[in-house]
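Trainee: I'm new to this one. Could you take me through a single part of it, the open sheet and the helices beside it, in one go?

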Amino acid sequence: AYERRFPTCPLIPMFVASDTVSEYKSEDEAIHVIERRCKLDIDAPRLLKKIAGVDYVYFIQKNSLNRRERTLHIEAYNETFSNRVIINEHCCYTVHPDNEDWTCFEQSASLDIKSFFGFESTVEKIAMKQYTSNIKKGKEIIEYYLKQLEEEGITFVPRWTPPVACKLESSTAHMRRPVSPAINIPDSATKEGLNSKEILNTSGSPSEPTAGTPDDKLDADYIKRYLGDLTPMQESCLIRLRQWLQETHKGKIPKDEHILRFLRARDFNIDKAREILCQSLTWRKQHQVDYILDTWNPPQVLQDYYAGGWHHHDKDGRPLYVLRLGQMDTKGLVRALGEEALLRYVLSINEEGLRRCEENTKVFGRPISSWTCLVDLEGLNMRHLWRPGVKALLRIIEVVEANYPETLGRLLILRAPRVFPVLWTLVSPFIDDNTRKKFLIYAGNDYQGPGGLLDYIDKEIIPDFLGGECMCEVPEGGLVPKSLYRTAEELENEDIKLWTETIYQSASVFKGAPHEVLIQIVDASSVITWDFDVCKGDIVFNIFHSKRAPQPPKKDSLGAHSITSPGGNNVQLIDKVWQLGRDYSMVESPLICKEGESVQGSHVTRWPGFYILQWKFHSMPACATTNLPRVDDVLASLQVSSHKCKVMYYTEVIGSEDFRGSMTSLESSHSGFSQLSAATTSSSQSHSSSMISR
C-alpha cells in the first residue's frame, strides 16, 4: 500500500513527482532498497520563493524493505538548500511484538536552520506546518491505498520464505553480488538460508507463539465487558505495559482497568504512563494503601462531621458520591484530626470508589471505571477560604490526581454562592485539564431546570435536601467542637504519617518567656500572614521589626515549667539588652487574644529586614481601687497552671500582588475582616496594613 504513493500521490498536492535514483534487490528478494528524488511544491509565500530563487524543493527519499525481518524503514533529507537548512526524517513500519496481525508505525524528524536570507523563523513555521499536515494525513493516505487494494481483490500477501535455490547456493551468490558504496545494505541481507523458525528467533521475537494467548492478546469479549472500546493501538499499549509490570515489578500487579486509567491520563503515551504508574505503585506499597479499607477505621469525628458519603448511582451506572461541602467545618476537621487523618479518609473514599466501580461493572454488564461526585455548596462562606484549610485541600488534590487518575467521571457542583469563584481560582490550577472538563457548575436553583440534575441522576434517587424524595444518609456536618482540637504533637504521636510535613506548629508560652518566630524579608511590600489558635490561657500578640538579625534561636529550658503532656517549642529571639525604639520597633498594636479564640491576619511590610512575631503571656490586671485580686483574676489564674499558655500557629510570606488580588476578592465577598492599620500609623503614605479575622 505504501509503494502506491509513487511516483506521485493525488492525496498529497505538494508531491509533484519523483524519479528513481538507485535500486537494489537481493537475490532471495528479502531486501529491497530504493532511492528516489522527490519534487515538492511547498506552500510558501510567493515573495519567499522569489527571494530563494526556486519554485520547487527536492528531497531524497530512501526506502529499505526487509521482508525477512518484516520492516520498512523510510529515510528522507532535503537536497535543496542543504547548506542552509538540514531536514532529516525517519519513519518505520514494524510488526507488533505481541500480535503479528498488527503493524506499528513510528515517525521522527529534525530541523536545523543555519541561515535563510533573514527568513529563518518564517521557514521554521512553514516546515512545522507542512510536517504537521503530513502527519495528520498519513493514516488517511495509507487507508486509502489499503481500500484500493481490497477493491482489486488483494487482501493477503504471502509471508516471505527463503527460496530453495538460494539456500543451496548462498555462499557463491553472496560472492557474485555487486557492491555499491552509495547504497546502505542492512546487515540482515547476509543472513540467508535460515528456516522459518530460525528467522523468528533472529528477529528478536520470543520463540513461543505471539498471538492467540490470553497474556499476549486480549479477548474481544473481555475488552467489551470490562474495559470498553479500545483501538488496536490502545490495546497494544495496555498489553505492553502490563507485560512490563509482570517482568519488572515485584509487588502486586494492578488490574487492567487501573493500568488503563494511567494510560488514558497520559493519552496512551506508554513511557509517561509507566513513569506515573510506577511512582503510584511505590507510594501505595509504602503507605499500605491496598489494605486501608480493611485495617483503618475512621475516627468518630469524621463519621460525625465529615458531610460526605456514597448514595446509589447515576444514570450511567457510575457510583454516586455526595459531598455537602457548604455544611462542613473544614477548619475544625483539620484542627481536630490533622491533615494526615483527613487525607487517609479521602484515600479510603477513593479505594471504596474503585471497589464500587468493579461491583457496578458486574451489575450492569458493562465497563464502569469512574464515579460521579455531587458537591452541594449551600452554606459555603468565608470560613471555607481559610488559607491553611485550602492548602491542605490542594495537597489532597495533588495526591489524588497522582494516584487515582481518570476516576472522576463527572463532577456536579450545585448551589454555588458568590464566594465560589474565589475558591475556584485557588483550586483550579492544581486540577488536571482533562478532569476540569468534567465539571458542571450550577448557581442557585439552576440545577432544577433543563440540563440540570435530572439529566444525570434518576428522579427517584435525588437526595431530599436537594428537593428529591430519596432520604440521604450523608451526615449533615456542622461545627466541630473546639474541645476536640488537638496540638501538632498529639496528632504526630498517632503515627499515621502520610505526609512528611505538617502545616501547624505548636508553642508553649510562659510568664516571662514568650514564644517568638523570626521572618526575614528581602523585598519590601511582601505580606506576612498568620493564623493561630489560642489553645490554653490568654496571650498578647505582637509584631516587631529590626534592621539587624537577632542571635540564633535558643530554646528555653524552663525547668520549673516542665510538663508531662506534649508541650511545644518555646523560643526567645529578642535579646534582653535590646531596647524597644532603638534596636527594634513595634509595627502593629498589641492584640489581646483570649483562650479558645482563632486569629487570622496579615501585615504588608514597609521595609526589608527581620520581623519577629511574638506570643506573650497576658497577665490579668489587678483592680484599680484595691490591691486585692478580683475573683475573675483568681479563677483565670487557676485555669492557667504554672502560668502557661499554648498556641497552634501557621505563618507564610507571599507576594503583595498575589495577596492584594485575593484580598480584593475576599473583601468584595463581605468577609468581615477588621482593619488594624489605623492603630498602626496615621500616615496616608504608609504601606503597612494588617487585617485580622476572628
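**The sheet and its helices**

Mentor: Sure, let's start at one spot in the sheet: His313 sits opposite Pro319, which belongs to S8. Keep in mind that this is a predicted model. That spot is part of the pairing between S7 and S8 (residues 319-323), which run antiparallel and share 4 bridges.

Now zoom out. The open sheet has 5 strands, ordered S7-S8-S9-S10-S11, and the pairing is mixed. S7 (308-313) and S11 (439-443) are the edge strands; each has a single partner strand, so one side of each has no neighbour in the sheet. Going from one strand to the next, the twist averages 20°.

Next, look at what lies against the sheet. Helix H12 (residues 330-364) packs on it and touches S7, S8 and strand S9 (371-376), with a direction about 10° from that of S7.

H12 also has a helix partner. It packs with H13 (residues 387-403) at an angle of about 40°, and the two axes are 10 Å apart. An angle like that makes H12 oblique to H13. As for handedness, H12 passes H13 in a right-handed crossing.

Who makes the contact? From H12 come Glu339, Leu342, Leu343, Val346, Leu347 and Asn350, while H13 brings Ala392, Ile396, Val399 and Val400. Sorted by class, the contact between H12 and H13 has 8 nonpolar residues, 1 polar and 1 charged.

So H12 is a good one to follow by eye: it packs on the sheet, and it packs with H13 too.

Methods. Residues are numbered from 1 along each chain as its sequence is written. This is a predicted model: local features need pLDDT of at least 70, side-chain atom pairs count only at pLDDT 80 or more; totals for chains, interfaces and linings use all residues. Side-chain values use heavy atoms; hydrogens and water are left out. Two strands pair if DSSP finds at least two bridges between them. Helices (H or I, at least four residues) and strands (E, at least two) are DSSP runs, numbered from the N terminus. Axes are lines fitted to C-alpha atoms, for helices over the stretch in contact, and angles run from 0 to 180 degrees between N-to-C directions. Contact means heavy atoms within 4.5 Å. Angles under 35 degrees count as roughly parallel, over 145 as roughly antiparallel, 65 to 115 as roughly perpendicular and the rest as oblique. A crossing is left-handed if the near helix is turned anticlockwise from the far one by less than a right angle, and right-handed if clockwise. Ala, Val, Leu, Ile, Met, Phe, Trp, Tyr, Cys and Pro count as nonpolar, Asp, Glu, Lys and Arg as charged, and the others, Gly among them, as polar.
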